[in-house]
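I opened this notebook to keep track of what I looked up, starting with strand pairing and moving on to side-chain contacts.

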Amino acid sequence: MIQARTICATTVLLGATLVTAAVPAVAAPPAASAAATACPTGWGSTEKAATAATSESVRNVRTGRNDCYDRMVVDVPGAARGDLGYSVRYVDRLHQDGSGRHIPVSGGAILEVRVTAPAYAPDTGAATYPARSGRPLPGVDLTGYRTFRDARFAGSFEGDTQLGLGVRGRLPFRVLQLDGRLVIDVAHTWTGAAAR
């Protein structure tokens, strides 16, 4: 009788030990899936600018989402990378060039985007980008964006096109000059961690 109880107790203890040893190996997630996407850091939030100009016209403004940032692209077909001048900076309020009129932009912070390219044909004055001063950018829907809140057309005056980009807060951003387009990326966070 004692021998049967000893065998039973030993079997129960041995089974419990095997189950306990097996559980952590089965429950632990793979290391690769636990790692978070690393986002670029070091962009900063101070003004970024490049001196250049083009007579090519702004044709479109579009936006997109990324794991690490929201993106605005200003399309200027025919403009070479080195000919796309710009100034992108945080402002307290957006004021239209020429008139000084205040253009309300929603969000916790406002980026003023200036591109040294007209939104009209220089020889005729006809609009090449169908936007209206003070109105949201045509075709831009910011629903579901983590950082962008609003995008407004301020105007195009003396060869410069001015936009207002409302963002969640004063976040780091970068500007890229590419052939035919200017790209503005605004990070989701300051920490370099991807959004979940």
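Before counting any pairing, I fixed the criterion: two strands pair if DSSP finds at least two bridges between them. The model I am working from is predicted, and I read every entry below with that in mind.

Entry on the sheet. I looked up E4 and strand E7 (residues 109–115) against that criterion and found that the two pair in the antiparallel sense over six bridges. For the register I followed Val 91, whose bridge partner in E7 is Ile 110. I then asked in what order the strands of the open sheet run. Five strands form it, in the order E1-E4-E7-E9-E8, and the pairing is antiparallel. E1 and E8 stand at the edges with a single partner strand each, so one side of each has no neighbour in the sheet. From one strand to the next I noted a twist that averages 20°.

Entry on the hairpin. I went next to strand E8 (residues 148–157), which is mostly covered, since seven of its ten residues are buried. Eight bridges join E8 to strand E9 (residues 160–167), and the two run antiparallel. I took one bridge as a marker of the register, in which Ala 151 has Leu 165 in E9 as its partner. E8 and E9 form a hairpin with two residues between them, and in the turn I noted that Glu 158 has a positive phi of about 50°.

Entry on aromatic pairs. I searched the whole structure for aromatic pairs, and the search finds four. One of the four is the pair of Trp 43 and Tyr 69, which is tilted, with 5.8 Å centre to centre and 55° between the planes. I placed Trp 43 in the loop between helix H2 (31–34) and strand E1 (48–50), and Tyr 69 in strand E3 (residues 69–75), so that this pair links distant parts of the chain, 26 residues apart. Both Trp 43 and Tyr 69 are buried.

I also wrote down Tyr 90 and Phe 173, an aromatic pair that is edge-to-face, at 5.7 Å centre to centre and 75° between the planes. Because Tyr 90 lies in strand E4 (residues 86–91) and Phe 173 in strand E10 (residues 173–178), the pair ties together parts that are 83 residues apart in sequence. Are these two rings buried or exposed? Tyr 90 is buried, with a relative accessible area of 12%, and Phe 173, at 0% relative accessibility, counts as buried.

Entry on charges over rings. I found Arg 174 over the face of Tyr 69, at 5.2 Å from the ring centre. I likewise found Arg 65 over the face of Tyr 145, at 5.2 Å from the ring centre.

Entry on the disulfide. How many disulfides does a search of the whole structure find? The search finds one, and I traced it from Cys 39 to Cys 68, with an S to S distance of 2.1 Å. The link of Cys 39 and Cys 68 is left-handed, with -75° about the S-S bond. Cys 39 lies in the loop between H2 and E1 and Cys 68 in the loop between strand E2 (60–65) and E3, so the pair ties together parts that are 29 residues apart in sequence. I checked the burial of both, and Cys 39 and Cys 68 are buried.

Terms used:
Residues are numbered from 1 along each chain as its sequence is written. This is a predicted model: local features need pLDDT of at least 70, side-chain atom pairs count only at pLDDT 80 or more; totals for chains, interfaces and linings use all residues. Side-chain values use heavy atoms; hydrogens and water are left out. Buried means under 20% relative accessible area, exposed over 50%, partly exposed in between (1.4 Å probe, protein chains only). Helices (H or I, at least four residues) and strands (E, at least two) are DSSP runs, numbered from the N terminus. Rings of Phe, Tyr and Trp (its six-membered ring) pair if their centres lie within 6.5 Å; planes under 30 degrees apart count as stacked, over 60 as edge-to-face and the rest as tilted. A charge sits over a ring if NZ of Lys or CZ of Arg is within 6 Å of the ring centre and within 35 degrees of the ring normal. A disulfide is a pair of cysteine sulfur atoms within 2.5 Å. Axes are lines fitted to C-alpha atoms, for helices over the stretch in contact, and angles run from 0 to 180 degrees between N-to-C directions.
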